[in-house]
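Student: I am new to this structure and would like a close look at a single part of it. Could you take me slowly through one helix and then through the charged pairs around it?

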Amino acid sequence: MVDKIAYPVQLIQPDGLRVFRPDYTSLVRDIRPDQLRDLYEDLVVARRMDVEAVALQRQGELGLWAPLLGQEAAQVGSARALRPDDYAFISYREHAVAYCRGVDPGVMTRMWRGCAHSAWDPSSVNVTNPAIVVGSQGLHATGYAMGAHLDGAEIATIAYFGDGATSQGDLAEALGFSMSFNAPVVFFCQNNQFAISEPVHLQSPVPIAQRAAGYGMPALRVDGNDVLAVLAVTRQATQRAREGSGPTFIEAITYRMGPHTTSDDPTRYRAAAETEIWKARDPIDRMRRLLDREGLLGEEFLARVQATADAVAARLRSGTVEAPDPAPLDLFDHVYSTDHPLIDEEREQYAAYLAGFAGIEEALS
């Protein structure tokens, strides 16, 4: 795969026409009309969910949100390639991955609302909670994969990160370690063209995937706005991992059509014309055109998809605004998996501090 990294894999053109690539088409031969419709539904639900979360942040219900607008295909295609016992280590923008892994939309925003340390139990869905630390996912995934391998588990572990993370030392160490020990990891880079405001060409004069090739790791590039191509290459990489053939690096070329987070203004560092070019490659429009060309669209189907998307968004909204505020001392829970004397001491000090306000409240009442 190393010698093909200059040619991104594509199975659906932006106009909805299929691309003849027998080497990768064979990997998604089982995707029949119903499965194509399901992938389209996932894409629409992911965007609708994201739009709702952005609205919640603008209404003051969330402290922050990292929109995925434009990256739906990269996330849905890769997540749907995973088996239930595979494990995903996500960063902070993989809301569609979480949805596809079965995370309840009603709990998805809790960390972003600031009312919980985390949003869901990772072991229940085999996907970690959002993590802001850039690049750490590679090391975590490599360690987990090594442990699973030593336990004899035939699973794949996948690490999600962005193009900016490939400039971090953590990821370099993960790539080197995983190759040295043949760890069953898929490194999935969503190259959305910007590390906040820094364009990708300032980070690397060569394709991001070429960095992995420098470690001797099989690497390939894929059209990240083509859900079928992403599904195919991720299936191939996860199968390599499960059968003991070691790590693979995937660079999914996509584009962040929205801001980096809801605190960002992308108009300050990129031209509107550039965004318009990528809008023409929109992953949802592309899939819709494919369905239309193959006679798989219909009013009833589209209405059902929209109803599902609206229901998921409603669940996300109600779960957000109805999430209970935690008790102040909950701040000290789950810092360590077992009791720790330092945490116990800090909890007691904070409880005494809070108790000092009791007399004031009584006087004011």
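Tutor: What follows is a walk through one helix, then some salt bridges, and finally two single residues.

This is a predicted model, in which local features need pLDDT of at least 70 and side-chain atom pairs count only at pLDDT 80 or more, while totals for chains, interfaces and linings use all residues. Residues are numbered from 1 along each chain as its sequence is written, and side-chain values use heavy atoms, with hydrogens and water left out.

The part to look at is helix H13, which covers residues 283-293; helices (H or I, at least four residues) and strands (E, at least two) are DSSP runs numbered from the N terminus. Within H13, the residues Pro-283, Ile-284, Arg-286, Met-287, Leu-290 and Leu-291 are buried, where buried means under 20% relative accessible area, exposed over 50%, and partly exposed in between, with a 1.4 Å probe and protein chains only. Seen down the axis of H13, these buried residues fall within an arc of 160°, so they line one face of the helix; the arc is that of the directions from the helix axis to the C-beta atoms. On the other side of H13, Asp-292 and Arg-293 are exposed.

The cover over the buried residues of H13 includes helix H2 (33-58), helix H3 (72-79), strand S6 (219-223), helix H11 (227-242) and helix H14 (299-321). At the start of H13, a side-chain oxygen of Asp-282 comes to within 2.8 Å of the backbone nitrogen of Ile-284, and just after the helix Gly-295 takes a positive phi of about 70°.

Two of the covering helices, H2 and H14, also carry charged partners. A salt bridge is a side-chain nitrogen of Lys or Arg within 4 Å of a carboxyl oxygen of Asp or Glu, and the structure holds 20 of them. In general, side chains of opposite charge can pair when their charged atoms come close. In helix H2, Glu-52 and Arg-48 lie four residues apart, about one turn of the helix, and their side chains meet in a salt bridge at 2.7 Å, N to O. Glu-52 counts as buried at 10% relative accessibility, whereas Arg-48 is partly exposed, with a relative accessible area of 24%.

Another salt bridge, at 2.6 Å from N to O, brings together the side chains of Asp-104 and Arg-315. This pair links distant parts of the chain, since Asp-104 is in the loop between helix H4 (95-100) and helix H5 (110-113) and Arg-315 is in helix H14, 211 residues apart. Both are partly exposed, Asp-104 with a relative accessible area of 29% and Arg-315 with 39%. Salt bridges that share partners also join Arg-48, Glu-52, Asp-310 and Arg-317 into one network.

Two single residues can be set beside this picture. Thr-142 lies in helix H7, residues 136-150, and is buried, with a relative accessible area of 2%. Leaving aside its neighbours within four places in sequence, Thr-142 is in contact (heavy atoms within 4.5 Å) with Ala-174, Phe-177, Ser-178, Ala-183, Val-185 and Phe-187. Phe-357, by contrast, is partly exposed at 34% relative accessible area, and is found in the loop between helix H15 (341-355) and helix H16 (358-364).

Conventions
Polar contact = N/O pair within 3.5 Å; in protein donor to acceptor, adjacent residues only side chain to side chain.
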